[in-house]
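Hi,

Here is the model I promised to pass on. Have a look at it first, and then read on for my notes on what turned up.

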Amino acid sequence: MIFDLQSLVRQNIRNLKPYSSARSEFAGAAEVFLDANENAFGSPAGGGFNRYPDPLQIELKKLVASAKGVDPTQIFVGNGSDEAIDLLFRIFCEPGRDEAIICPPTYGMYRVSADINDVAVCEINLTNEFLLDVPAALAGITPRTKLVFICSPNNPTGNLMRRGSVIEIAGNFDGIVVVDEAYIDFASESSMIAELASLPNLVVLQTFSKAWGMAGLRVGLAFASAEIIGLMNRVKPPYNVSGIAQRAVIDAFHDRESVEKWIDTALQQRTILAETLYQFESVETIYPSDANFILVKMADANDVYRFLLEEKVVVRNRNNVELCEGCLRITVGTPEENQRLIEALARFEGR
Ligand SMILES: Cc1ncc(COP(=O)(O)O)c(C=O)c1O
C-alpha cells in the first residue's frame, strides 16, 4: 500500500497560506513587545495574562517529547483532543464527498465531528467481544475513505483493541488511521506511539483530561509524522492553547508522582468496584476494562440509572447504544464516591 500524504490533503489546505501571528514572526530575545496589540499595562487577573501564549507550545512539547520518546516536531497540542479530531476532518476530508470509518460502540465525537464537517460515516461495528472486525473494516474502505477512527482503550466498552489489528488496518489503507488513546495511562499495554516509525499514516491521540486530571484546562495531544503535525499546525487557530493551560501542564510534569499514584489508586478501585458490583443481583456482566471506567450490564439499566440519579449519583446510561443494551458506564471515583454508588445500589435492590 503506497501512502502519499500530499495527495490525501484537501486542495484548499494544500494551497493555504497560514495565518502568521505576531508571536511567530520573530525569533530571538526581544525585550519590548509592541507587536501584538496587547494591553501593555497588565491584566486585572495578573499572571501575565495580558500577553498572548506561545502559539506552538515549545516548552510544553519539549517535556512531552522526552516523556514519550518522540521529537517535538511529532507533537500537536490542542484545545483538548477533540480539537485534533476536528482538525483531521478539516485537513483530509472534502465536505460532501469524503468518508470516514468509525467502529461503534465508540466515542461519540468522531461522528459529531464528521457530521459537522459534512463527511459521510461508515460504521463498522465492533465484534460481540468488542474487538475490531478487521476484514469488515478493510472491506468498508472506498476510494473516498480518508480517516479510520480506532479507540483503544475504547469508550464505552473499556477494552484495548489488538495491536495486530490496528497494524493490519493501517498497513492496508492509504488514508489516515487515528488511534485514540485517551485512556492509555490506565491500560495494561503500551501506547501505539511506538508504531509511528513504521506506520506513516498513523495518528495517535492522547489527552491530559483523564489520568493527568486536567479536563478543565482542555489540553490534548496528537502524535504523528512531522509532516502530518505540520499540517495540523497550519490549520489550527494561532493561539489554540491558553497560557494558563500551558503553564499548568508544564507544572504538572514536575509532579508526575501524584499522577502515578492516582492511576494506581484508580486501578485498585476498579478491581474493588467490579468485585463489589458482582454481588448485586441486577448486575449481569462486568466487562474487563483497561480504562478508568467499567461497562456494567444490568437486568434493569434504565431503572437503576433513574434510581441512582434520585440518589444524586450520576453514571452514564448506555442502554440505547447498539451492542451496549442494558449497560451503564461507571467511572471509577474516589473510594468514598464508589461507596456512595454501592450504598445507593444496595438501596435499589432492597426496595
Ligand atoms: C475516547 C475519548 N477521546 C477523547 C476524549 C476527549 O478528550 P479531551 O478532553 O482531550 O477533548 C474523550 C472524553 O471523554 C474520550 O472518551
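Let me start with a question: which residue does R97 form a salt bridge with, and how far apart are the closest N and O atoms? The partner is D98, and the closest N and O atoms are 3.2 Å apart. Bear in mind throughout that this is a predicted model.

That pair is a nice way in, as the two residues sit in unlike surroundings. R97 has a relative accessibility of 41%, so it counts as partly exposed. D98, on the other hand, is buried, because its relative accessible area is 2%, and the cut-off for buried is under 20%. D98 also has a salt bridge to K146, with 2.9 Å from N to O. This second pair ties together distant parts of the chain: D98 belongs to the loop between α4 and β2 (99-102), while K146 is in strand β4, and 48 residues separate them. Both D98 and K146 are buried.

Other salt bridges

The count of salt bridges comes to 12. As a reminder, side chains of opposite charge can pair when their charged atoms come close. E59, R247 and D251 are joined into one network by salt bridges that share partners. Another pair to look at is R90 with D86, where the closest N and O atoms are 3.0 Å apart. Here both partners lie in helix α4 (residues 81-92), four residues apart, or about one turn of the helix. R90 is partly exposed, with a relative accessible area of 30%.

While you are in helix α4, click on L88 too, since that helix is its place as well. L88 counts as buried, at 0% relative accessibility. Its C-alpha atom is separated by 13 Å from that of V77, and the two residues are 11 apart along the chain.

The chain as a whole

Zooming out, the secondary structure comes to 12 helices and 11 strands. The radius of gyration is 22 Å, close to the 20 Å that the globule rule gives for 351 residues, so the chain is as compact as a globular protein of that length. Taken along the principal axes, the C-alpha atoms fill a box of roughly 70 × 55 × 35 Å. Of the 351 residues, 49% are buried.

Backbone oddities

Most residues other than glycine have a negative phi, and most peptide bonds are trans. With that in mind, a few spots deserve a look.

Where are the cis peptide bonds I mean? One runs from S152 to P153, with omega near -5°. Another joins N155 and P156, and there omega is about 20°. P153 is found in the loop between β4 (145-151) and α7 (163-171), and P156 is also in the loop between β4 and α7.

Then there are positive phi values. N37 has phi near 55°, although it is a residue other than glycine, and Q57 has a positive phi of about 50° without being a glycine either. N37 lies in the loop between α2 (11-14) and α3 (58-68), and the loop between α2 and α3 is the place of Q57 too. Is each of them buried or exposed? N37 is exposed, with a relative accessible area of 78%, whereas Q57 counts as buried at 0% relative accessibility.

On the surface

D255, E257, E260 and D264 form a negative surface patch. One of these, E257, is found in helix α10 (residues 256-277). E257 is exposed, with a relative accessible area of 58%; the cut-off for exposed is over 50%.

The last spot is G213, which is placed in the loop between β6 (202-207) and β7 (220-223). G213 counts as exposed, because its relative accessibility is 56%. Along the chain G213 and S258 are 45 residues apart, and their C-alpha atoms are separated by 10.0 Å.

If you open just one view, I would pick D98, with its salt bridges to R97 and to K146.

Cheers

Definitions and conventions. Residues numbered from 1 in each chain as written. Predicted model: local features only at pLDDT ≥ 70, side-chain atom pairs only at ≥ 80, totals over all residues. Heavy atoms only, no water. Patch = residues over 30% accessible without salt bridge, like charges linked within 9 Å, V, L, I, M, F, W, Y side chains within 5 Å. Areas by Shrake-Rupley, 256 points an atom, 1.4 Å probe, with all protein chains shown as cover. Salt bridge = Lys/Arg side-chain N within 4 Å of Asp/Glu carboxyl O. Lys, Arg positive; Asp, Glu negative; His and termini not counted. Charge placed at Lys NZ, Arg CZ, Asp CG, Glu CD. Helix = DSSP H or I, 4+ residues; strand = E, 2+ residues; numbered from the N terminus. Buried < 20%, exposed > 50% of the residue type's maximum accessible area, 1.4 Å probe, protein only. Rg over C-alpha atoms; globule rule 2.2 N^0.38 Å.
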